[in-house]
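Take a walk through this protein, one sheet at a time. Keep the sequence and the 3D view side by side.

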Amino acid sequence: MFVDDLQKFFSVYPSPDFPGFSVGIPYKEAVIEFCGEVNQLAQSIDAANTIIRRPSDGKLIGYNTDCEAAITAIEDALVRAHRCTNGKTSLNSPLKDKLFVLVGAGGAGRALAFGAKSRGAHVVVFDIDFDRAKSLACAVSGEVRNFEELAKFQPEKGAILANATPLGMQPSKLGRL
């Protein structure tokens with residue numbers, strides 16, 4: 001269900017019959033204010049994609065499962081690719097010391113940036129909202145680039161490109177880049 005008004009949504013669905021919610025574009029950052037608690041990871045990312053109602057008191061608890069899910073999937077793909085080329089694997093994250101190029105600085109982008117940084121990657125952030133990209137880059141000690149530079153950006157070999165924008169999603173009216 002697409003929600004136009006978060007305030008109205010959370011006032012209409014306070015019932016314990018709804019034990020939790022999955023949060024998508026464009027509300028992963030905005031839902032934080034409706035949570036009674038936010039777990040540490042979601043708090044540091046400042047975005048939640050999963051909200052669970054605690055049965056004991058009905059309090060809404062915000063979590064971010066995007067971070068580990070996306071970063072683990074990327075790591076798994078890198079490990080498989082690495083095994084195909086030389087048969088060895090590393091005990092460290094395969095993201096360590098890699099350039100992680102991120103397009104999109106919203107909730108999903110924030111999760112990817114924090115996850116990549118936690119694995120030792122160098123993060124470069126592009127977003128059509130430069131101030132938003134700059135804020136995220138600062139939060140992960142990364143680098144910010146103007147969105148207009150993306151088409152001509154030439155990353156080093158082995159860099160990871162992560163698209164955290166709604167580009168290509170249907171219907172195309174969802175969110176913004």
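Which residue in β6 stands opposite valine 101? Valine 124 in β6 does. Strands here are DSSP runs of E with at least two residues, helices are runs of H or I with at least four, and both are numbered from the N terminus.

This is a predicted model, in which local features need pLDDT of at least 70, side-chain atom pairs count only at pLDDT 80 or more, and totals for chains, interfaces and linings use all residues. Residues are numbered from 1 along each chain as its sequence is written, and side-chain values use heavy atoms, with hydrogens and water left out.

Start with the outline. The protein has five helices and eight strands. From the N terminus, the order is α-β-β-α-β-β-α-β-α-β-α-β-β. Of the 177 residues, 38% are buried. Buried means under 20% relative accessible area, exposed means over 50%, and partly exposed lies in between (1.4 Å probe, protein chains only). About 10,300 Å² of the protein is exposed, and carbon and sulfur atoms supply 53% of that area. Accessible areas come from the Shrake-Rupley method with a 1.4 Å probe; for residues, only the protein chains shown count as cover. Now take contacts, meaning heavy atoms within 4.5 Å. Among contacts between residues at least 6 apart in sequence, 52% join residues at least 24 apart.

Next, the sheets. Strands of a sheet pair through backbone hydrogen bonds, either parallel or antiparallel. Two strands count as paired if DSSP finds at least two bridges between them.

One open sheet has four strands in the order β1-β3-β4-β2, with mixed pairing. Its edge strands are β1 (20–22) and β2 (37–38), and each pairs on one side only. β1 runs antiparallel to β3 (residues 50–53), joined by three bridges. Serine 22 stands opposite threonine 50 in β3. On to β4 (residues 60–63): four bridges join β3 to β4, and these two strands also run antiparallel. Here isoleucine 52 has isoleucine 61 in β4 as its bridge partner. Six residues lie between the strands of the β3 and β4 hairpin, where glycine 58 takes a positive phi near 75°.

The other sheet to follow holds valine 101. It is open, with four strands in the order β7-β6-β5-β8, and its pairing is parallel. β7 (143–146) and β8 (160–163) stand at the edges with a single partner strand each, so one side of each has no neighbour in the sheet. From one strand to the next, the twist averages 20°. Axes are lines fitted to C-alpha atoms, for helices over the stretch in contact, and angles run from 0 to 180 degrees between N-to-C directions.

Look at β5 (99–103) within this sheet. Five of its five residues are buried. Leu99, Val101 and Val103 point one way, and Phe100 and Leu102 point the other way. β5 and β6 run parallel and are joined by five bridges. β6 (residues 122–127) also pairs with β7 in the parallel sense, over four bridges. There, valine 124 stands opposite glutamate 143 in β7.

Helix α4 packs on this sheet, touching β5, β6 and β8. Its direction makes about 170° with that of β5. Why is α4 described as largely enclosed by the rest of the structure? Because nine of its 12 residues are buried. Among them are Arg110, Leu112 and Phe114. The length of α4 (residues 107–118) agrees with expectation: at 1.5 Å a residue it should span 16 Å, and its end C-alpha atoms are 17 Å apart. That expected span is 1.5 Å times one less than the number of residues.

Just after α4, glycine 120 takes a positive phi of about 90°. Asparagine 92 is 28 residues from glycine 120 in sequence, yet their C-alpha atoms are 9.2 Å apart. Asparagine 92 lies in the loop between α3 (66–86) and β5. At a relative accessible area of 46%, asparagine 92 is partly exposed.

Finish with the cysteines. Cysteine 35 counts as buried, at 12% relative accessibility. Cysteine 138 is exposed, at 57%. A disulfide is a pair of cysteine sulfur atoms within 2.5 Å, and by this rule the count is zero.
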